Amino acid sequence: MPVKIYSNEFSVSTRGETEIIDITGRVESCVHKSGVTTGHVLVFSPGSTIGITTVEYEPGLKKDLQEAFEKLAPRRASYHHHKTWNDGNGYAHVRASLLGQDRVFPVKEGKLYHGTWQQIIFIDFDNRARTRSVTVQVVGE
Ligand code: ZN
């Protein structure tokens with residue numbers, strides 16, 4: 001069977017400041033629309049102050065993750081980036097680079113394959129509200 005490549009995108013409105021948003025359902029819906037039964041799905045967002053990963057999506061762990069990022073790259077620390085642009089979001093760029101902006105998941109039996117307690121999350125580290133775009137590419141047969 002020929003390999004199918006299906007591309008779609010959706011937007012995410014965020015408040016910034018390391019807000020964590022569950023995008024699992026929206027990725028699942030792209031996989032469903034693709035008609036691919038076996039393959040993989042790439043989830044990517046263009047931006048240098050965001051991140052994509054997985055987590056057990058529950059309030060305690062959301063806070064734990066936010067606190068961990070605060071320890072890794074504290075918001076109020078001094079960043080060389082501020083001398084370049086004076087935009088005050090050096091911490092957001094550092095957090096985003098450590099996490100990455102893409103993840104790949106298997107598609108099995110026509111479904112996004114992930115653990116029951118493993119949701120796909122979008123994190124906006126920037127210091128202001130933003131509207132972001134997420135691209136989903138499903139490849140397979
Ligand atoms: Zn910046």
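## Surroundings of Gln101

In this predicted model, Gln101 is in contact with Val43, Phe44, Ser45, Gly47, Ile50, Ile52 and Ala96, when its neighbours within four places in sequence are left aside. Gln101 itself belongs to the loop that connects α4 (90-99) with β5. With a relative accessible area of 18%, Gln101 falls under the 20% limit and therefore counts as buried.

One of the contacting residues, Ala96, also takes part in a polar pairing: a polar atom of the Gln101 side chain is placed 3.0 Å from the backbone oxygen of Ala96.

## Strand pairing around β5

Strand β5 (residues 102-108) runs antiparallel to strand β3 (residues 39-44), and six bridges join the two. Within this pairing, Gly39 has Val107 of β5 as its bridge partner. Two of the residues in contact with Gln101, Val43 and Phe44, have numbers that fall in the range of β3, residues 39-44.

Strand β5 is also joined to strand β6 (residues 111-112), again in an antiparallel arrangement, by two bridges. Here Val107 is partnered by Leu112 of β6. Val107 thus has a bridge partner in β3, namely Gly39, and another in β6, namely Leu112.

The connection between β5 and β6 is a hairpin with two residues between the strands. Glu109, located in the turn, has a positive phi of about 50°.

## Glu28 and the β6 region

Glu28 is part of helix α1, which spans residues 24-34. Its relative accessible area of 35% lies between the limits of 20% and 50%, so Glu28 is classed as partly exposed.

Beyond its neighbours within four places in sequence, Glu28 is in contact with Leu112 and His114. Leu112 is the residue of β6 that bridges to Val107. Glu28 and Gly110 are 82 residues apart along the chain, and their C-alpha atoms are separated by 9.7 Å.

## The zinc site

The zinc ion is coordinated by NE2 of His81, OD of Asp87, OD1 of Asn89 and NE2 of His93, at 2.1 to 2.2 Å. Along the chain, these donors follow the spacing H-x5-D-x1-N-x3-H. Of the coordinating residues, Asn89 has a relative accessible area of 5% and is buried.

Why is the arrangement of the four donor atoms around the zinc ion irregular? The angles they subtend run from 88 to 164°. A tetrahedral assignment requires all angles to lie between 85 and 135 degrees, so the upper value of 164° excludes it. The lower value of 88° does not conflict with that range.

Note on methods. Residues are numbered from 1 along each chain as its sequence is written. This is a predicted model: local features need pLDDT of at least 70, side-chain atom pairs count only at pLDDT 80 or more; totals for chains, interfaces and linings use all residues. Side-chain values use heavy atoms; hydrogens and water are left out. Helices (H or I, at least four residues) and strands (E, at least two) are DSSP runs, numbered from the N terminus. Buried means under 20% relative accessible area, exposed over 50%, partly exposed in between (1.4 Å probe, protein chains only). Contact means heavy atoms within 4.5 Å. Two strands pair if DSSP finds at least two bridges between them. Donors are N, O and S atoms within 2.8 Å of the metal (3.2 Å for Na, K and Ca); water is not among the atoms, so sites may look incomplete. Four donors count as tetrahedral if all angles lie between 85 and 135 degrees; four count as square planar and six as octahedral if opposite donors are over 155 degrees apart and all others between 65 and 115; anything else is irregular. A polar contact is a pair of N or O atoms within 3.5 Å; within protein, one must be able to donate a hydrogen and the other to accept it, and residues adjacent in sequence count only if both atoms are side-chain atoms.
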